[in-house]
Amino acid sequence: MKAVVQRVTRASVPVGGEQISAIGRGICVLLGISLEDTQKELEHMVRKILNLRVFEDESGKHWSKSVMDKQYEVLCISQFTLQCVLKGNKPDFHLAMPTEQAESFYNSFLEQLRKTYRPELIKDGKFGTYMQVHIQNDGPVTIELESPAPGAATSDPKQSSCIIGDHTHSSSAQSEGYTVESRIRDIIQLSKLEKQQQRKEKTRAKGPSESSKERNAPRKEDRSASSGAEGDVSSEREP
């Protein structure tokens, strides 16, 4: 899922010469829904949009407050063209969710926005209709957002492999059974081998160890020590 968020002083949507939605200060969101989007991507994008800090605080500090912090309005427009893939110079939209599914998904997105924020402050256009969106960008400030790719690795390897398994559009390595767990094991093994190699190189750089030098050095008998030891033993004998 992709979104283009613009900070605006005002925005409106006319359809057929009639204005159907308008907001004052706030954000205008252009939303592109992909074939693979699920409830997980929906909730992620709602959180990001509503918590995106594009406004200043009371002291004038920039990038400090979100649209919810400021209690501003949100205008959301469905825009499948964000899922465009160019074939030469011609846009191709095969990655966009089909219209029938996308309308239901988009309505769920709006519902989640209203549930998370204030319903009366969420406005939208008219799905599947030719619209002219009037945006007065404030700044200008335009932020591109994208939900994590389906199957993206997380901190929990088990969770990651589960996610990857749920999607048919996996990488070639995944299709060959090369899971996240396998990669982690390979990385750990490689790290161990590198450490062993480093220890060997350090040993060679230092030369023969002290213990090996002592073993290789010719042994000299310490007669005085030997005789002293014998004397000690003999002195302990009873007369």
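Modeller: A helix is here a DSSP run of H or I with at least four residues and a strand a run of E with at least two, each kind numbered from the N terminus. In these terms the protein has eight helices and eight strands, and Trp-63 lies in the loop between helix 1 and helix 2. The model is predicted, residues being numbered from 1 along each chain as its sequence is written; local features need pLDDT of at least 70, and side-chain atom pairs pLDDT 80 or more, whereas totals for chains, interfaces and linings use all residues. Side-chain values rest on heavy atoms, with hydrogens and water left out.

Colleague: Why is Trp-63 called partly exposed?

Modeller: The term depends on relative accessible area: under 20% is buried, over 50% is exposed, and partly exposed lies in between (1.4 Å probe, protein chains only). Trp-63 has a relative accessibility of 48% and therefore counts as partly exposed. Its backbone also deserves attention, since Trp-63 has a positive phi of about 55° although it is not a glycine.

Colleague: Which residue other than glycine has a positive phi near 60°, and where does that residue lie?

Modeller: The residue is Gln-71, in the loop between helix 2 and strand 4. Its relative accessibility is 38%, so Gln-71 also counts as partly exposed.

Colleague: What makes the pairing of Arg-25 with Asp-138 a salt bridge?

Modeller: A salt bridge requires a side-chain nitrogen of Lys or Arg within 4 Å of a carboxyl oxygen of Asp or Glu. For Arg-25 and Asp-138 the closest N and O atoms are 3.3 Å apart, so the pair satisfies the criterion. Arg-25 belongs to the loop between strand 2 (18–23) and strand 3 (26–32), and Asp-138 to strand 8 (residues 134–146); the pair therefore ties together parts that are 113 residues apart in sequence.

Colleague: Are Arg-25 and Asp-138 buried or exposed, and on what values?

Modeller: Arg-25, at a relative accessible area of 36%, is partly exposed. Asp-138 has 19% relative accessibility and so counts as buried. Both residues belong to a network of salt bridges that also includes Arg-7.

Colleague: How many salt bridges does the structure hold, and what is the N to O distance between Asp-124 and Arg-114?

Modeller: There are six salt bridges in the structure. Asp-124 and Arg-114 meet in one of them, with 3.5 Å from N to O. That pair links distant parts of the chain, as Asp-124 is in strand 7 (residues 122–124) and Arg-114 in helix 3 (residues 99–116), ten residues apart. Arg-114 has a relative accessible area of 27% and is therefore partly exposed.

Colleague: How do you know that Arg-118 forms a salt bridge with Glu-120?

Modeller: The closest N and O atoms of Arg-118 and Glu-120 are 2.8 Å apart, so this pair also meets the distance criterion. Arg-118 is partly exposed at 34%, and Glu-120 is partly exposed at 44%.

Colleague: What expected span is helix 1 set against?

Modeller: The expected span of a helix is 1.5 Å times one less than its number of residues. Helix 1 (residues 39–51) has 13 residues, and from its first C-alpha to its last it reaches 18 Å, close to the expected 18 Å.

Colleague: Which residues of helix 1 are buried, and what do they pack against?

Modeller: Glu-41, Leu-42, His-44, Met-45, Val-46, Ile-49 and Leu-50 are buried in helix 1. Their packing partners are strand 1 (2–15), strand 3, helix 2 (67–70), strand 4, helix 3 and strand 8. In the protein as a whole, buried residues make up 30% of the 239 residues.

Colleague: Why is Met-131 called buried, and which residues is it in contact with?

Modeller: Met-131 has a relative accessibility of 19%, so it counts as buried; it is found in the loop between strand 7 and strand 8. Contact means heavy atoms within 4.5 Å. Leaving aside neighbours within four places in sequence, Met-131 is in contact with Val-13, Pro-14, Val-15, Ile-77, Ser-78, Gly-125 and Lys-126. Met-131 and Ile-77 are 54 residues apart in sequence, with 9.4 Å from C-alpha to C-alpha. Among contacts in the protein between residues at least 6 apart in sequence, 68% join residues at least 24 apart.

Colleague: What kind of peptide bond joins Gly-139 and Pro-140?

Modeller: The bond between Gly-139 and Pro-140 is cis, with omega about 0°. Pro-140 lies in strand 8.
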